[in-house]
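Work through the following exercises with the sequence and the structure side by side. Each task is followed by a solution that goes step by step.

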Amino acid sequence: IVHDGTPETVWDAWPGLDAVELFSIEKWMHPMARLVVVAPHPDDEILACGGLMALHARRGGKCLVVAVTDGEASHGEDPRWQAGQLGETRRKERVCGLARLGCEETEVHRLGLPDSKVASHFETLQSELAQVMQWGDIVVTTWRLDGHPDHEACGAAAARACADVRCRLLEAPVWMWHWGRPADQRVPWHRMVGLQLPGEAVSRKQRAVESHASQLLPRGDTQEPVLRQTMLDRLARRTEYFFA
């Protein structure tokens with residue numbers, strides 16, 4: 001995951017996305033269903049399914065965010081950010097971001113696994129998820145082939161836990177849009193579905209990401225922000241995409 005990635009103008013011009021089957025939230029989940037979002041790092045819940053969360057919360061639905069890591073490794077060796085300090089900052093940013101989504105009542109279940117090393121704790125993660133999930137939950141996490149090791153570990157662990165507990169799983173591509181290209185053969189486009197979002201939900205997502213200031217600023221003297229402009233441009237989409 002380097003440089004700016006595939007620009008949104010390229011994705012927007014690709015007719016393949018127009019062929020993706022679209023659903024409304026009413027067809028996807030009952031208002032009384034619980035939405036469980038397994039987020040590898042703070043802000044992933046927004047990038048993966050912030051619109052879905054905002055819509056579900058607006059109609060009184062319950063949401064639970066499983067905070068797998070605190071995102072304490074996002075700035076590497078930047079001397080201005082010690083891991084503990086950065087983790088605390090990102091936890092606070094998450095609270096603010098959820099509020100801007102309209103999800104103030106969302107419960108956050110913190111696991112505290114080490115950022116960038118989730119795969120080394122795969123069995124623990126799978127066990128924790130199986131204990132948190134309940135039959136009938138709608139579970140959203142990052143795609144198991146997303147290109148980031150933590151995202152992939154969360155996708156794979158959630159898939160196993162959902163199979164055990166019998167929950168419906170939706171996997172959201174986050175970094176795939178960065179390294180992938182239209183019609184990329186590494187991507188199972190035939191499994192992709194889309195959720196249509198009203199303008200208000202899109203605006204809430206954009207405001208929520210602004211809460212994650214640590215990810216919007218340059219890292220050290222040489223590294224670009226984690227969330228570059230190409231990533232922010234994708235937040236203006238009127239559709240969220242998932243592998244079902």
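**Exercise 1.** Find which helix gives the most to the lining of the second largest pocket, and describe the residues around that pocket by class.

Solution. The model is a predicted one, and the search begins with the list of lining residues, which runs E8, W11, D12, W14, L17, D18, V20, L22, R237, R238, T239 and Y241. Two elements, helix 1 (8-12) and strand 8 (239-243), each supply at least two residues of this lining. Between the residue list and these ranges, E8, W11 and D12 can be placed in helix 1, and helix 1 indeed makes the top contribution, with three residues. Sorted by class, the lining of the second largest pocket holds six nonpolar residues, one polar residue and five charged residues. The space in this pocket comes to about 210 Å³.

**Exercise 2.** State the volume of the largest pocket, and say which residues lie nearest its centre.

Solution. The volume of the largest pocket is about 450 Å³. Its lining consists of 27 residues, and those that lie nearest the centre are S74, H148, W175, R219 and V226. The elements that give two or more residues to this lining are helix 3 (44-58) and helix 9 (229-234). The classes of the lining residues of the largest pocket are twelve polar, nine nonpolar and six charged.

**Exercise 3.** Determine how many cavities of 30 Å³ or more a search of the whole structure finds, and describe the lining of the largest cavity.

Solution. The search finds one cavity of 30 Å³ or more, and the largest cavity contains about 170 Å³ of space. Around the largest cavity there are 14 lining residues, with L47, P173, W177, K205 and R237 lying nearest its centre. Helix 3, helix 9 and strand 8 are the elements that give two or more residues to this lining, and strand 8 provides the largest share, three residues. By class, nine of the lining residues of the largest cavity are nonpolar, four are charged and one is polar. R237 also appears among the residues that line the second largest pocket.

**Exercise 4.** Follow the chain from strand 3 to strand 4 and from strand 5 to strand 6, and give the handedness of each crossover.

Solution. Strand 3 (residues 62-67) and strand 4 (residues 107-110) run parallel and are joined by four bridges, with L64 standing opposite E107 of strand 4. Between these strands the chain passes through helix 4 (residues 83-101), and this β-α-β crossover is right-handed. Strand 5 (residues 138-142) pairs with strand 6 in the parallel sense over five bridges, and T142 stands opposite A172 in strand 6. Here the chain crosses through helix 6 (residues 149-165), and this β-α-β crossover, too, is right-handed. As for burial, four of the five residues of strand 6 (residues 168-172) are buried.

**Exercise 5.** Explain why the radius of gyration of the protein chain agrees with that of a compact globule, and add the span of the chain.

Solution. A compact globule with 244 residues would have a radius of gyration near 18 Å, and the protein chain has 17 Å, so the value agrees. The C-alpha trace spans about 50 × 40 × 35 Å along its principal axes. Of the 244 residues, 54% count as buried, and the secondary structure comes to nine helices and eight strands.

How values were computed. Residues are numbered from 1 along each chain as its sequence is written. This is a predicted model: local features need pLDDT of at least 70, side-chain atom pairs count only at pLDDT 80 or more; totals for chains, interfaces and linings use all residues. Side-chain values use heavy atoms; hydrogens and water are left out. On a 1 Å grid over the protein atoms alone, a cavity is a set of points where a 1.4 Å probe fits but cannot get out, and a pocket is an open set with protein on both sides within 12 Å along at least five of seven lines; lining residues have an atom within 4 Å of a point. Grid points are joined across faces, edges and corners, and a volume is the space filled by probe spheres set on the points. Ala, Val, Leu, Ile, Met, Phe, Trp, Tyr, Cys and Pro count as nonpolar, Asp, Glu, Lys and Arg as charged, and the others, Gly among them, as polar. Two strands pair if DSSP finds at least two bridges between them. A crossover is right-handed if, with the strands pointing away from the viewer, the path from the first strand over the helix to the second runs clockwise. The radius of gyration is taken over C-alpha atoms; the globule rule is 2.2 Å times the number of residues to the power 0.38. Buried means under 20% relative accessible area, exposed over 50%, partly exposed in between (1.4 Å probe, protein chains only).
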